[in-house]
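Visitor: I would love a close look at one part of this structure, followed outward to whatever else is worth seeing. Could you pick a spot and walk me through it?

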Amino acid sequence: MITGRLWLFGDDVNTDVIHPPAFYSLDPDKVRRGLFHGYDPDMQPSVQPGDVLVAGRNFGCGSSRETSIRAIKLNNIGALIAIDFARIFFRNATNNGLPCLTFTDPGDLSRLHQGQRIAVDPDAATLRTEQGEVLPLTPPGEFVRRIWAAGGLLELLPKAGTARSQDS
Amino acid sequence: MTGRTIADKIIDAHVCDADDTAFYRRVTVDAVLGHDATTALLIDDFNRRGLSIWDRSRVLLANDHFSPPATAERADISNRFLAFAREQEIPNLMVDRGICHQLLVEHELCQAGGLVVGADSHTVMAGGIGVCATGMGATDILFTLATGTTWLRRPQTIAVRFHGTLPGQASGRDIVLELLSILGESGAQYRSLEFHDESTPRLRQDDRFAIANMAVEIGAKFGVFVPDEITVDYYVKRDGALLGTLVRPDADAEYERMIDIDLSKLDARVAKPWSPANVVPLRELEPIRITSAFLGSCASGRLSDIQAAADELADRKVHPDVRFVVIPASMAVFAQALRAGYVETLTTAGAIVNHSSCGACGGIDKGVLGADDVCVSSSNRNFRGRMGHWQSRTYLASPRTVARAAVRGELAPDLYGDRGDDQP
Ligand code: SF4
């Protein structure tokens, strides 16, 4: 169960906005500080572990730079909920074990507001508000669950010394 | 059984698992592309896990983002990337040779009918020559480097048919901006865009690359042209013969949607800040003063793009209030532009011609924008803050429109004459 505050975004939020190119780095501290830096310089310092990003359509479009996912993870954001996600971003998040879930009813987005406390259960695929409202999310497919359970895509790699991967 | 699209056929030819019903299919890939900025992110994990590359001859690595590096931090990242590529003995390591996507399509590794993945979203550009190519993040690419495989979900396909005759002033950039205005930033999300060029004359290869490149701005997984005589010419010129397989869709292929674009009706298009889909015809734009013009990036730094700018700048001067930066997409393109005299024309007119690299496209160097800058750019993204300061503003346009605006000092509705029909 992931519990925290909700940060609300609109449609087509791209990775340059999520993590401006100027914060591209191999230094985790610099990457962490870059989260939404241009969009709202006050946001990153006040993000708390377990907070959840909630957005409209096409969240994460644009660049494939995985620093945007690293920045989200380094800030201990617990989950991402959107009407839908851009393809590469969804893969990157999933590969890094960061749950991306979609609203079963896209209209539910309008029931949520900035700063609200929520609880997300990735396994049950639900979002519960502090008012007790429970919004259904679309459960991930079996393949995505397998990556989550493994702790990321790289855990599905054949281990050194074994001839074949165990995925077949 | 209904017919198959290009994406169906290429995925089918690469499937290596047994479960026909699986949502994600495991596929082998023919080539992997990586550049300094994204590959650097996977090196630690790769080494820590003691992995080795499944087939180093199928990997093309290029340093293009930090080429040459502008800061000590980036020099360190670049050096790590180069050290990794050399330790792994990658035969196709291209050092300071240009933008990776252009280097890929100039290379024999990139063959018609192939399935290619790259650690950069614009890998999709190789679709311009009949390749199913797509971008992924560093973790996916690490997995592919180690196994030669990846997972793909079979995409729905949207067919886009071009017909009519493209007016001389317009280019592939105006076509793809028109398509962005029809589909929006997510209109081809998770889908394959299949381009059927039935125009007369057929679109030039450079225009096809520009269109395929920006397919990802519409959310597409692939942006693949149905191969034809233009495609064959390209490969024969590049490799001496056609080595790959021309994969065409079945006549009864199943499309989610068909879009027809009459190129005869097209004129200059512009994407306003801060979305590539925020498109208007140039003739409907309010005039806007510019401080910066950029012709380059993997979307539009090829020879015909530079030629268009040289055409526009011959015997003219770049406006004194404008910095006009031109970056050829690769050193091969640069050499051609030099031989053709375009570089001299451009620099005489006051433009700056920079080393083949990403430059200011990703806000990296050599023309990054300040708060008050207004830029007209031939790159593929005008996302807020991408080219520099959060307050800066970028308009996307074709290379010819960029050059005209650089001379005029403004992006104006009458750049192509009052009625938009000015011929050079
Ligand atoms: S030129 Fe721009 S879009 Fe192309 S790879 Fe470089 S930074 Fe990315």
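Guide: Gladly. One term comes up straight away: two residues touch, or are in contact, when they have heavy atoms within 4.5 Å of each other. Please also keep in mind that this is a predicted model.

Let us start at Asp228(B), which sits in the loop between strand S10 (222-225) and helix H9 (229-239) of chain B. Leaving aside residues up to four places away in sequence, Asp228(B) touches Arg202(B), Arg208(B) and Arg248(B). With one of these, Arg208(B), the side chain of Asp228(B) makes a polar contact to the side chain, at 2.7 Å. The side chain of Asp228(B) also reaches the backbone nitrogen of Ile230(B), at 3.0 Å. Is Asp228(B) buried or exposed? Asp228(B) counts as buried, because its relative accessible area of 8% falls under the 20% cut-off.

Now, a look at the loop that comes before helix H8 (205-213) of chain B. Pro201(B) is placed there, between strand S9 (192-197) and helix H8. The peptide bond that leads from Thr200(B) into Pro201(B) is cis, and its omega is near -15°. Chain B has another such bond for you to inspect, between Ser67(B) and Pro68(B), where the cis peptide has an omega of about -15°. Pro68(B) belongs to the loop between strand S3 (59-63) and helix H4 (72-87). These bonds are worth a pause, because most peptide bonds are trans.

From Asp228(B) we can jump to another buried site in chain B. Arg386(B) is a handy signpost: from Asp228(B) to Arg386(B) there are 158 residues in sequence and 36 Å in space, C-alpha to C-alpha. Among the residues that touch Arg386(B) is Asn380(B), and Asn380(B) is our second stop. Asn380(B) lies in the loop between strand S18 (374-377) and strand S19 (393-396) of chain B. With a relative accessible area of 0%, Asn380(B) is buried. What does its side chain meet in there? The side chain of Asn380(B) makes a polar contact with the side chain of His122(B), at 3.0 Å, and another with the side chain of Asn213(B), also at 3.0 Å. Beyond these partners, the contacts of Asn380(B) include Met214(B), Glu217(B), Pro276(B), Cys298(B), Cys361(B) and Leu396(B).

Ser297(B) also touches Asn380(B), and its backbone deserves your attention. Ser297(B) has a positive phi of about 80° although it is not a glycine. Ser297(B) is found in the loop between strand S15 (292-295) and helix H10 (303-313), and at 1% relative accessibility Ser297(B) is buried. Chain A offers a case of its own: Ala125(A) has a phi near 60°, again positive in a residue other than glycine. Ala125(A) lies in the loop between strand S5 (117-121) and strand S6 (126-129) of chain A, and with a relative accessible area of 3% Ala125(A) is buried.

Before leaving chain B, find the ring of Trp274(B). The charged end of Arg384(B) sits over this ring, 4.1 Å from its centre. The charged end of Arg393(B) sits over the ring of Trp274(B) too, 5.4 Å from the centre.

Next, the boundary with chain A. In this model 45 residues of chain B are in contact with 41 residues of chain A. The area buried between the chains is about 3,700 Å², and carbon and sulfur atoms give 56% of that area. On the chain B side, Leu41(B), Thr139(B) and Trp151(B) lose the most area to chain A, together 17% of what that side buries.

Aromatic rings make a good last stop. Over all chains the structure holds 19 aromatic pairs. One of them joins Phe85(A) and Phe90(A), a tilted pair with 6.2 Å from centre to centre and 45° between the planes. Phe85(A) is buried at a relative accessible area of 2%, and Phe90(A) is buried at 14%. Both belong to a cluster linked by ring pairs, whose members also include Phe9(A), Phe36(A), Tyr39(A), Phe59(A) and Phe89(A).

A word on confidence in chain A, to finish. The average pLDDT of chain A is 94, and 95% of its residues score at least 70. Residues 161-168 of chain A, however, stay under 50, and for them the model has 10 contacts beyond four places in sequence.

Conventions: Residues numbered from 1 in each chain as written. Chains lettered and ligands numbered in written order. Heavy atoms only, no water. Helix = DSSP H or I, 4+ residues; strand = E, 2+ residues; numbered from the N terminus. Buried < 20%, exposed > 50% of the residue type's maximum accessible area, 1.4 Å probe, protein only. Polar contact = N/O pair within 3.5 Å; in protein donor to acceptor, adjacent residues only side chain to side chain. Phe/Tyr/Trp six-rings, centres within 6.5 Å; stacked < 30°, edge-to-face > 60°. Lys NZ or Arg CZ within 6 Å of the ring centre and 35° of its normal. pLDDT = per-residue confidence, 0-100. Buried area = accessible area lost by both parts, 1.4 Å probe.
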